[in-house]
Amino acid sequence: MYEEIIKLSLSGCAVKDYGNLKFEDLPDDEPFGSTKRPRAVGLANKQVADAVQRVKNDGHTCVMLGGDHSLAIGSIHGHAACRPELKVVWVDAHADINTPLTSPTGNIHGQPMSYLIHELCAKIPHMPSFSWIKPCIAAKDIVYIGLRDVDPEEHYILKHLGIKTFSMTEVDSLGIAKVMEQTCDYISSKIKNPIHLSYDIDALDPSVAPATGTPVIGGLTYREGIYITEYLCQTGLLSAIDLVEVNPKQAKREEEVHWTANAAVDLVLGCFGRVREG
Ligand SMILES: N[C@](CCCC[B-](O)(O)O)(CCN1CCCCC1)C(=O)O
Ligand SMILES: [Mn+2]
Ligand SMILES: [Mn+2]
Ligand SMILES: [Mn+2]
């Protein structure tokens with residue numbers, strides 16, 4: 001991903017690399033109920049939250065390159081500590097809003113939003129290394145784009161909380177330009193709040209970004225994926241970006257790693273002003 005940093009520098013952005021976070025391996029990190037690796041994920045996210053807070057306190061737009069989407073717990077938590085009025089645009093095939101009690105897999109990458117939303121607080125059990133996390137966003141502060149693999153319990157939560165969603169059905173029926181227009185009308189209706197864009201590479205179709213852990217067919221085209229970043233960039237409100245779930249180990253062959261990484265690089269460049277007209 002250093003290519004991203006270099007390309008951003010070349011495109012005239014002042015880039016400060018805050019370096020890689022080192023997460024210690026916790027060999028006896030027993031599951032909490034069905035939730036896997038709670039201590040490793042909880043401790044890693046505390047480091048992410050502190051790092052994002054440092055970046056925001058320095059006045060930068062923060063880019064968190066993952067890694068698992070569970071890292072959005074720390075990224076949004078740290079960002080909200082500086083900008084509590086932030087709005088979240090979650091671009092993903094999945095809603096990642098299972099609670100530890102609804103998750104069908106116990107994987108925390110399918111749960112990050114549930115730890116952050118005020119309205120779900122009572123549904124979250126106390127887990128080891130998660131006590132530092134305080135809910136920091138409301139259901140009304142969230143917009144999803146790209147959904148196409150939502151578990152039944154997640155669907156109930158989305159509907160019950162009235163969370164704004166643009167699934168791939170709406171992307172097809174409205175077109176991505178209308179989706180972005182309506183997204184920004186919804187999150188910036190009254191005042192221009194800072195935007196936290198949490199971009200899961202699996203929002204893109206697997207033909208574009210195959211090297212990822214939970215690919216789902218029928219995803220965003222490369223052009224739709226890029227349009228999202230170009231549109232949000234021109235609002236001038238992008239305050240933090242997560243680019244997650246790029247996983248070279250999931251590629252069947254080398255070229256799939258390049259397709260996926262190149263798409264990720266282009267998405268980040270789109271967030272910082274690279275436009276396709278030149
Ligand atoms: N919703 C899933 C997938 C989460 C993907 C995380 B992401 O978005 O960061 O990549 C479970 C998906 N579902 C489980 C049953 C069989 C079909 C897939 C989960 O594990 O919670
Ligand atoms: Mn994952
Ligand atoms: Mn995700
Ligand atoms: Mn996903």
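At 23% relative accessibility, S129 counts as partly exposed, a class that covers values between the cut-offs for buried (under 20% relative accessible area) and exposed (over 50%), computed with a 1.4 Å probe on protein chains only. The model is predicted, so that local features need pLDDT of at least 70 and side-chain atom pairs count only at pLDDT 80 or more, while totals for chains, interfaces and linings use all residues. Residues are numbered from 1 along each chain as its sequence is written, chains are lettered from A and ligands numbered from 1 in the order in which they are written, and side-chain values use heavy atoms, with hydrogens and water left out.

**Backbone features**

S129, which is not a glycine, nevertheless has a positive phi of about 70 degrees, and this residue lies in the loop between α4 and β3 (142–147). Helices (H or I, at least four residues) and strands (E, at least two) are DSSP runs, numbered from the N terminus. R37 is also a non-glycine residue with a positive phi, here about 55 degrees, and its place is in the loop between α1 (2–10) and α2. G66 and G67 are joined by a cis peptide bond with omega about 0 degrees, and G67 is found in the loop between β1 and α3. T169 belongs to helix α6 (residues 168–174); its C-alpha lies 8.6 Å from that of G146, from which T169 is 23 residues away in sequence.

**Manganese sites**

Donors here are N, O and S atoms within 2.8 Å of the metal (3.2 Å for Na, K and Ca), and because water is not among the atoms, sites may look incomplete. The manganese ion (ligand 3) is coordinated by H69 (ND1), D92 (OD), D96 (OD) and D200 (OD) at 2.1 to 2.2 Å, and along the chain these donors follow the spacing H-x22-D-x3-D-x103-D. The arrangement counts as irregular because the 6 donor atoms around the manganese ion (ligand 3) subtend angles of 59 to 173 degrees. For comparison, four donors count as tetrahedral if all angles lie between 85 and 135 degrees, whereas four count as square planar and six as octahedral if opposite donors are over 155 degrees apart and all others between 65 and 115, anything else being irregular.

The manganese ion (ligand 4) has as donors D92 (OD), H94 (ND1), D200 (OD), D202 (OD) and D202 (OD), at 2.1 to 2.5 Å, with the donor residues spaced D-x1-H-x105-D-x1-D in sequence. H94 lies in the loop between β2 and α4 and D200 in strand β5, so this pair ties together parts that are 106 residues apart in sequence. The manganese ion (ligand 3) and the manganese ion (ligand 4) are 3.2 Å apart, and D92 coordinates both. D92 lies in the loop between β2 (87–91) and α4 (112–116), and D200 in strand β5 (residues 195–200), so the pair ties together parts that are 108 residues apart in sequence. Both D92 and D200 are buried.

The manganese ion (ligand 2) has the protein donors D68 (OD), H109 (ND1), E245 (OE) and E245 (OE), which lie 2.2 to 2.4 Å from it, and its donor residues are spaced D-x40-H-x135-E. Here D68, in the loop between β1 (62–65) and α3, and H109, in the loop between β2 and α4, link distant parts of the chain, 41 residues apart.

The accessibilities of several residues named above are as follows.

| Residue | Relative accessible area | Class |
|---|---|---|
| D200 | 2% | buried |
| H94 | 12% | buried |
| D68 | 31% | partly exposed |
| R37 | 43% | partly exposed |
| T169 | 54% | exposed |

**Helix packing**

Axes are lines fitted to C-alpha atoms, for helices over the stretch in contact, and angles run from 0 to 180 degrees between N-to-C directions. The axes of helix α2 (residues 38–57) and helix α3 (residues 72–82) come within 7 Å and cross at roughly 35 degrees. This crossing of α2 and α3 is right-handed, where right-handed means that the near helix is turned clockwise from the far one by less than a right angle, and left-handed anticlockwise. Among the residues that make the contact are V48, A49 and V52 of α2 and I73, H77 and A81 of α3, contact meaning heavy atoms within 4.5 Å. By class, the contact of α2 with α3 has 7 nonpolar, 8 polar and 1 charged residues; Ala, Val, Leu, Ile, Met, Phe, Trp, Tyr, Cys and Pro count as nonpolar, Asp, Glu, Lys and Arg as charged, and the others, Gly among them, as polar.

Helix α7 (residues 176–187) and helix α8 (residues 222–235) pack at an angle of about 35 degrees, with their axes 10 Å apart, and α7 passes α8 in a right-handed crossing. The contact is made by I176, A177, M180, E181 and C184 of α7 together with E224, Y227, I228, Y231, L232 and T235 of α8, and these residues divide into 8 nonpolar, 1 polar and 2 charged.
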